[in-house]
Amino acid sequence: MQRRQAFKYELKPTGEQQRNLRRYAGSCRFVYNKALALQQANHAAGEKFIGYVAMAANLPVWKREAGQTWLKDSPSQALQHALKDLDKAYQNFFAKRADFPRFKRKGSGNNFRYPDPKQIKLDQRNNRLFLPKLGWIRYRNSREVLGELRNVTVSGKGGKWFVSIQTQREVEQPTPTATTSIGIDLGIARFATFSDGSYIAPLNSFKTTQAKLAKYQRRMAHKQKFSNNWKKAKARVQKLHAQIAYTRCDFLHKATNTISQNHAVVFVEDLQVGNMSKSAAGTAENPGKNVAAKSGLNKAILDQGWGEFRRQLDYKMAWKGGMLFAVPPQYTSQTCPGCGHVSADNRQSQAVFACVECGYENNADVVGAINVKERGHRLLACGDGALRLSMKQELAEVSQLSS
């Protein structure tokens, strides 16, 4: 089977290379924003959407315009790929997979890509990489790059620059070493609770650093905007944000590695994190209720990284020969695993589950994980489509009874 994998490393550029990295990232951001403005103006005039090929034809013209000749200094393929990114953003919007494309601002989205492997040279023995118009650039070689090189993405975050080398290679069809299956209930008090009763405690990387982050943000707010001291304060805030993200990502990688190594089949809830973390502020005409409490809940949900957890677990299970299934999450913490009775009264508190019908008692998160596993096995036994239709009908009936 074909496996595409990315290997990410920290770059060690010289001073001149750092300046060029910032320039090239800025050029790609400029081209992206200019193309987005052109698309919006074209739509306002009632014209048809401009495809990538037609939009890319504008690049030579933009490079010749007065005051924009500095675009010639940037790698042409990186600029072309910025237009491909915009085209992909529009396609995702048309397919209702994402919101409308937004303009990129300076300081965010500092990345660009070299899509042609023929222009890239990798010298792992000497810990260096050759990139067009940058030359040989050193990197922290922490592990070997496996496979045939496909493309390279350069990104900047928290004052550091990173390179992501995507490769492709042929691997044997993996066979899982584990033979067990498990259900997982994701939460806030417990990050992940398993159907066997064990659980993973939450990291809460943002919550534990929130006070320090607020202090640095206050210092930044008290300085003259765009002054040297303001830039230094902003760099501290960005560095702290990067540390929060790195810590969370490391935690999720370790958790998903352990789960994928120890289980052949994993069942998780099909959570819509975007809907769960929507703001409750409302509008001026229809203000929301319990806005402060909902805001705190949204922060706690997003601090867990549920979406990234599922993404990592999905490909790691596939790499190890296992399977990941997402099941409907409705009423998993209100359904009794013993008798099947469904009632909101079964969950007496956030952590306590006590069935009012048969008296079954357990931790509410463990009950949720058990029900997730049971639904997953039904999904495998009955078939995905047939089971989801029957579950949809059952959940609709339960919702009518509870209302």
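# Briefing: a mixed sheet and its packed helices

H6 and H9 cross in the right-handed sense. The model is predicted. Two topics lead here: the contact of helix H6 (residues 228–262) with helix H9 (residues 306–319), and an open sheet of 5 strands in which the pairing is mixed. Three loop residues follow: Thr 179, Asn 290 and Tyr 331.

**Helix H6 against helix H9**

- The two helices pack at an angle of about 40°, and their axes are 9 Å apart.
- H6 and H9 are therefore oblique to each other.
- On the H6 side, the contact is made by Cys 249, Leu 252, His 253, Thr 256, Asn 257, Ile 259 and Ser 260.
- On the H9 side, their counterparts are Glu 308, Phe 309, Gln 312, Leu 313, Tyr 315, Lys 316 and Met 317.
- Sorted by class, this contact holds 7 nonpolar, 5 polar and 2 charged residues.

**The open sheet**

- The strand order is S10-S9-S8-S11-S12.
- Strand S10 (199–200) and strand S12 (323–327) are the edge strands, and each pairs on one side only.
- Helix H10 (residues 364–382) packs on the sheet and touches S8, S9, S11 and S12.
- The direction of H10 makes about 130° with that of S8.
- H9 also meets the sheet: this helix lies across S8, S11 and S12.
- The angle of H9 to S12 is about 145°.

**Strand S8 and its neighbours**

- S8 pairs with strand S11 (residues 265–269) in the parallel sense, over 3 bridges.
- Within that pairing, Ile 182 has Val 266 of S11 as its bridge partner.
- S8 pairs with strand S9 (residues 192–194) in the antiparallel sense, also over 3 bridges.
- Here Ile 184 has Phe 194 of S9 as its bridge partner.
- Leu 186 stands opposite Ala 192 in S9.
- S8 and S9 are joined by a hairpin through 5 residues.

**Burial of S8**

- Strand S8 (residues 181–186) is largely enclosed by the rest of the structure, because 6 of its 6 residues are buried.
- In a regular strand, side chains alternate between the two faces of the sheet.
- One side of S8 carries Ser 181, Gly 183 and Asp 185, all buried.
- The other side carries Ile 182, Ile 184 and Leu 186, also all buried.
- Both faces of S8 are thus covered.

**Thr 179, ahead of S8**

- Thr 179 sits in the loop between strand S7 (160–170) and S8.
- Its relative accessibility is 75%, so Thr 179 counts as exposed.
- Thr 179 and Ala 44 are 135 residues apart along the chain, and their C-alpha atoms are separated by 58 Å.

**Positive phi outside glycine**

- Most residues other than glycine have a negative phi.
- Asn 290 has a positive value, with phi near 50°.
- Asn 290 is placed in the loop between helix H7 (273–276) and helix H8 (291–304).
- With 64% relative accessibility, Asn 290 counts as exposed.
- Tyr 331 also has a positive phi, near 60°.
- The loop holding Tyr 331 runs between S12 and strand S13 (352–354).
- Tyr 331 has 22% relative accessibility, so this residue counts as partly exposed.

Terms used: Residues are numbered from 1 along each chain as its sequence is written. This is a predicted model: local features need pLDDT of at least 70, side-chain atom pairs count only at pLDDT 80 or more; totals for chains, interfaces and linings use all residues. Side-chain values use heavy atoms; hydrogens and water are left out. Axes are lines fitted to C-alpha atoms, for helices over the stretch in contact, and angles run from 0 to 180 degrees between N-to-C directions. Helices (H or I, at least four residues) and strands (E, at least two) are DSSP runs, numbered from the N terminus. Angles under 35 degrees count as roughly parallel, over 145 as roughly antiparallel, 65 to 115 as roughly perpendicular and the rest as oblique. A crossing is left-handed if the near helix is turned anticlockwise from the far one by less than a right angle, and right-handed if clockwise. Contact means heavy atoms within 4.5 Å. Ala, Val, Leu, Ile, Met, Phe, Trp, Tyr, Cys and Pro count as nonpolar, Asp, Glu, Lys and Arg as charged, and the others, Gly among them, as polar. Buried means under 20% relative accessible area, exposed over 50%, partly exposed in between (1.4 Å probe, protein chains only). Two strands pair if DSSP finds at least two bridges between them.
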